[in-house]
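Thanks for coming. I will walk through one structure today, starting with its empty spaces and then turning to its sheets.

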Amino acid sequence: MGLQAFVSTRVITPQGMRQAAVLVEGERIRDVVAPEQVPADAVREDFGALAILPGLVDSHVHINEPGRTGWEGFRTATRAAAAGGYTMLVDMPLNCIPATSSVAGLEAKRQAAHGQCSVDWAAWGGVVQGNHEEIGPLAQVGARGFKCFLVHPGVDEFSMVTERNLRKALPHVARTGLPLLVHAELPGPLEAAAKRLPAADWTRYQTYLQSRPDEAEHAAIELMLSLCREYGFRLHIVHLATACALEMLRAARAEGLPVTVETCPHYLHLEAETIADGSTLCKCAPPVRGRANRELLWQALKDGVIDMVVSDHSPCPPEMKHMKEGNFQTAWGGIASLSMALPVMWTEARRRGFALPDVVRWMAEQPARLAGCEARKGQIAAGRDADFVVFDPEPEFTVSKDRLHHRHPVSPYLGEQLHGMVKRTYLRGQLVFQDGEFPGERRGREFHH
């Protein structure tokens with residue numbers, strides 16, 4: 001295909017929103033120019049006032065393949081991603097079998113992904129008990145960084161790590177220069193909370209909330225910051241849910257520690273006060289906390305203490321949510337949201353006076369930087385991959401099953417009224433999603449520099 005020009009009055013560039021034409025040659029963006037500067041030989045597509053955003057990057061997704069493809073899988077997860085405006089996913093190393101905590105595990109994932117993907121992808125490696133010798137080799141074969149859990153992750157194939165385990169692993173992580181992503185809850189406060197809930201009613205959301213107190217997050221982040229100070233590795237806190245840790249994180253930033261922080265759409269949209277008892281679709285860990293806490297997370301995004309917003313798409317078969325009995329203790333913890341993350345975020349952001357460039361910074365630029373793919377992904381600029389989303393920020397719609405596109409059409413957002421619709425998604429210059437359809441062949445591939 002020759003030169004293409006995508007024109008809009010609202011193109012979101014690193015310099016902000018502007019009237020522009022995005023010139024695409026092959027798979028890359030050649031330039032971003034004023035509409036009147038489009039070369040005569042370009043095939044021009046004018047989107048009027050529809051916004052053109054860079055393809056979103058989701059650095060926190062559980063694709064679950066190989067091994068638990070009945071939960072999700074590359075084919076369905078990447079379709080849902082394309083429908084949600086994402087053009088790049090970074091897959092978490094657990095919930096697949098084998099876990100991506102060895103080179104062999106990463107190779108198994110590559111084989112499973114081959115020919116199945118609607119968008120590009122990469123993988124995080126895992127830090128588990130006793131795999132410190134695998135950390136360097138995983139980095140060499142393309143892992144983008146490493147994930148660890150300080151509590152049991154809900155599956156037995158991926159072991160949690162203690163401070164002792166971390167001290168063995170951290171010199172290896174630091175040598176790679178790659179980030180360590182930490183599920184920051186410590187077992188101690190969770191065990192203490194469990195003792196206070198011996199005969200609790202587990203159909204009540206408040207019971208679940210009390211079982212995972214803010215203190216578990218706070219203590220874990222405190223530990224990780226002290227280890228970061230000692231070993232000098234890049235620390236990334238995943239899915240921050242508690243506002244109690246914000247001051248500590250702000251101080252760590254001021255001190256110059258290499259720490260970044262993410263939160264998720266569900267922590268910025270849902271609130272503990274309105275989660276109905278028995279509503280296990282809203283169960284995740286750490287839990288969705290109260291309304292006042294949510295507003296402090298929004299303020300931290302505004303202040304730059306929280307860098308990014310990622311989905312933590314963590315689906316499972318519907319029966320594992322135990323919706324009939326509504327038991328928060330036994331239900332799987334995870335929220336499926338890949339195709340709805342952008343409308344959820346835009347609905348909440350516009351209500352608080354944020355603009356589309358803010359959303360792009362949180363959902364494209366910063367996750368691309370974390371995953372080390374910012375030279376190619378996350379911005380509309382010359383030399384980047386021609387990944388972008390045509391987004392209509394105005395319309396309101398009701399979330400229905402046909403809009404979800406992941407394997408099992410369950411989500412806490414079903415039935416909600418949201419703002420903003422993804423009209424089209426382009427991956428490296430080719431249309432991969434348009435108005436509910438997925439044209440063209442599956443051309444997503446693993447990201448390599």
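A cavity, as I use the word, is a set of grid points where a 1.4 Å probe fits but cannot get out. Keep in mind throughout that this is a predicted model.

With that definition, how many cavities of 30 Å³ or more does the structure hold? The count is one. The largest cavity contains about 60 Å³ of space. Its lining is made up of Leu281, Ser314, Pro315, Cys316, Lys321, Trp332, Gly334, Ile335, Ala336, Val410, Ser411 and Pro412. Sorted by class, that lining has eight nonpolar, three polar and one charged residues.

Next, the pockets, which are open. The largest pocket has about 760 Å³ of space. It is lined by 34 residues, and the closest to its centre are His152, Tyr208, Arg212, Lys283 and Ala285. Which elements each supply at least two residues of this lining? They are strand S10, helix H5, residues 187-195, and helix H6, residues 205-211. H5 gives the largest share, three residues. By class, the lining of the largest pocket splits into 15 nonpolar, 14 polar and five charged residues.

The second largest pocket comes to about 240 Å³. Fifteen residues line this pocket, and nearest its centre lie Ala83, Arg403, Met421, Val422 and Phe433. Strand S16, residues 417-427, contributes the largest share of the lining, four residues. The classes here are seven nonpolar, four polar and four charged.

Now the sheets. One open sheet has six strands in the order S9-S10-S11-S12-S13-S14, and the pairing is parallel. Its edge strands are S9, at 125-126, and S14, at 308-309, each of which pairs on one side only. S9 runs parallel to S10, residues 146-149, and two bridges join them. Within that pair, Gly126 sits opposite Lys147 of S10.

Two helices go with this sheet. Helix H7, residues 214-231, lies across S11 (179-183), S12 (234-237) and S13 (259-263), and runs at about 165° to S12. Helix H8, residues 246-255, also packs on the sheet, where it touches S12 and S13, and its direction makes about 145° with that of S13.

There is also an open sheet of three strands, ordered S6-S7-S8, again with parallel pairing. Here the edges are S6, residues 56-61, and S8, each pairing on one side only. On average, neighbouring strands of this sheet are turned by 20° against each other, direction ignored. S6 pairs with S7, residues 86-91, in the parallel sense over four bridges. As a landmark in that pair, Val57 is opposite Met88 of S7.

This sheet has helices packed on it as well. Helix H1, residues 74-83, touches S7 and S8, and its direction makes about 140° with that of S7. Helix H12, residues 356-370, touches S6 and S7, and its direction makes about 55° with that of S6.

Let me stay with S8 and pick one residue. Ala123 belongs to S8, which spans residues 120-123. Is Ala123 buried or exposed? Its relative accessible area is 1%, and buried means under 20%, so Ala123 counts as buried. What does Ala123 touch, leaving aside its neighbours within four places in sequence? The contacts are Val90, Asp91, Leu106, Lys109, Gly142, Ala143 and Arg144. For a sense of distance, take Phe328, which is 205 residues from Ala123 along the chain: their C-alpha atoms are separated by 30 Å.

The last item is strand S5, residues 51-54, which is covered on both faces. Ala51 and Leu53 are buried on one side, and Ile52 and Pro54 are buried on the other. What does S5 pair with? One partner is S1, residues 4-13, in the parallel sense over two bridges. Val11 has Ile52 in S5 as its bridge partner. Another partner is S15, residues 388-398, this time in the antiparallel sense over four bridges. In that pair, Pro54 is bridged to Phe388 of S15.

That is the end of the tour, and I will take questions.

Technical notes
Residues numbered from 1 in each chain as written. Predicted model: local features only at pLDDT ≥ 70, side-chain atom pairs only at ≥ 80, totals over all residues. Heavy atoms only, no water. Buried < 20%, exposed > 50% of the residue type's maximum accessible area, 1.4 Å probe, protein only. Contact = heavy atoms within 4.5 Å. Pairing = 2+ DSSP bridges. Axes fitted to C-alpha atoms, helices over the stretch in contact; angles between N-to-C directions. 1 Å grid on protein atoms, 1.4 Å probe; cavity = no way out; pocket = protein on both sides within 12 Å on 5 of 7 lines; lining within 4 Å. Points joined across faces, edges and corners; volume = space filled by probe spheres on them. Nonpolar A, V, L, I, M, F, W, Y, C, P; charged D, E, K, R; others polar.
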